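Me: I have a protein model open in front of me, and I would like to learn how to read it. Could you take me through it feature by feature?

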Amino acid sequence: MAMLSTSLAGPKSSYCAAPQFSGLRRSCPKLESTNSHSLSQSFLRHFNSQLRVPSSRKPSGHVVAMAGTGTFFVGGNWKCNGTKESITKLVSDLNDAKLEADVDVVVAPPFVYIDQVKSSLTDRIEISGQNSWVSKGGAFTGEISVEQLKDIGCKWVILGHSERRHIIGEKDEFIGKKAAYALSEGLGVIACIGELLEEREAGKTFDVCFQQLKAYADAVPSWDKIVIAYEPVWAIGTGKVATPQQAQEVHVALRDWLKKNVSEAVASKTRIIYGGSVNGGNCAELAKQEDIDGFLVGGASLKGPEFATIVNSVTSKKVAA
């Protein structure tokens, strides 16, 4: 990789020299991107050796090479997009797509179209809500309850997305409580975390992500139905994508945090997926990273064939034993 850096995929930017870099916490002045490549490689090897959680998986034939033990997971977050007509076309494309068998696939339509999608989409793909209320439904205008999501056929809900955090103003503790309630009622939770650009540039990526992760850990009754989605906010819908190495280094650190603060078993089995301008062109290289267990996809999930390409990027993880 270039360096353990604040650089983005695209224009070059400056970053910390590897010997003085601790996690993604800045401890040195910015330097130009012409620092020693061999030095950064040496540091990365040391960094990964300190954070690696061994996989219990023993290769046999062709296997999916993942640090965790869970099935590759790809979610499509349709956000506030679509009409009855466009969603009919999207569902048709998804129904026609040939998807690899060893992938859990989920889509999250806008609430008003969930019933339409549920009634017409192949059972191969599960349905998620994009948000849910923190407790049982009632006099909460504009909210959607977990019970309503279950009633209409949803198996998952996305919580903690950056657009809910930074536009709506949801706080870590509130998001943790929402996750706990959804899990207690039987929904799976796609638990989003991620740093702002200024937080990455200030060397606070790990601090921010660990704080957000801790809010889930403090609240949830179990990790059995949680998928962590790391989405650097600066990469969501911007066309800027974390390099595979940038994403991997954060995923390694998140898995290590789970190992140290929850349990080694949870660290091994919890899937940590990446989101942030994932598309058909970059998914294969991202999927090759050992700690990237799948994707949460935004804009590209609105295009059936491209979303299928992302789902099928699991083949990039398959290696010969």
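Me: Let me begin with contacts. Among contacts between residues at least 6 apart in sequence, what share join residues at least 24 apart?

Reply: The share is 70% in this chain. Keep in mind as we go that this is a predicted model. For a single pair, look at V252 and I272: 20 residues separate them in sequence, and their C-alpha atoms are 9.3 Å apart in space.

Me: Where is V252, and is V252 buried or exposed?

Reply: You will find V252 in helix 9. A residue counts as buried when its relative accessible area is under 20%. V252 has a relative accessible area of 1%, so V252 is buried. Over the whole chain of 321 residues, 52% count as buried.

Me: How many helices and strands should I look for?

Reply: Look for twelve helices and ten strands.

Me: How do strands come together, and what do they build here?

Reply: Here is the general idea: strands of a sheet pair through backbone hydrogen bonds, and the pairing can be parallel or antiparallel. In this model, eight strands form a closed barrel in the order 2-3-4-5-6-7-8-9, with parallel pairing. On average, neighbouring strands of this sheet are turned by 25° against each other, direction ignored.

Me: Which pairs could I trace by eye?

Reply: Try strand 2 and strand 3, which run parallel and are joined by six bridges. One place to look is N77, whose bridge partner in strand 3 is A108. Strand 3 is also mostly covered, with five of its six residues buried. Then go to strand 4 (residues 126–129) and strand 5 (residues 156–159), a parallel pair joined by two bridges. There, S128 has W156 of strand 5 as its bridge partner.

Me: Which strands does helix 9 touch?

Reply: Helix 9 (residues 244–261) packs on the sheet and touches strand 6 (188–193), strand 7 (226–230) and strand 8 (271–275). Its direction makes about 150° with that of strand 8. Helix 12 (residues 304–311) packs on the sheet too, touching strand 2 (72–77), strand 3 (103–108) and strand 9 (294–297). The direction of helix 12 makes about 155° with that of strand 2.

Me: And how do I describe two helices that pack on one another?

Reply: In general, two packed helices are described by the angle between their axes and the distance between the axes. Take helix 8 (residues 205–219) and helix 9: their axes come within 11 Å and cross at roughly 40°. That angle makes helix 8 oblique to helix 9. The crossing is right-handed.

Me: Which residues make that contact?

Reply: From helix 8 come T205, F206, C209, F210, L213, K214 and A217, and from helix 9 come E249, V250, A253, L254, W257 and L258. Sorted by class, this contact has ten nonpolar residues, one polar and two charged.

Me: May I practise on helix 6 and helix 8? How do they cross, and what meets there?

Reply: Good choice! The axes of helix 6 (residues 172–184) and helix 8 come within 8 Å and cross at roughly 40°. The two helices are therefore oblique to each other, and their crossing is right-handed. On the helix 6 side you will see D172, E173, I175, G176, K177, A179 and A180, which meet Q211, Q212, A215, Y216 and A219 of helix 8. By class, the contact of helix 6 with helix 8 has six nonpolar, three polar and three charged residues.

Methods
Residues numbered from 1 in each chain as written. Predicted model: local features only at pLDDT ≥ 70, side-chain atom pairs only at ≥ 80, totals over all residues. Heavy atoms only, no water. Pairing = 2+ DSSP bridges. Helix = DSSP H or I, 4+ residues; strand = E, 2+ residues; numbered from the N terminus. Axes fitted to C-alpha atoms, helices over the stretch in contact; angles between N-to-C directions. Contact = heavy atoms within 4.5 Å. Parallel < 35°, antiparallel > 145°, perpendicular 65-115°, else oblique. Left-handed = near helix turned anticlockwise from the far one by under 90°. Nonpolar A, V, L, I, M, F, W, Y, C, P; charged D, E, K, R; others polar. Buried < 20%, exposed > 50% of the residue type's maximum accessible area, 1.4 Å probe, protein only.
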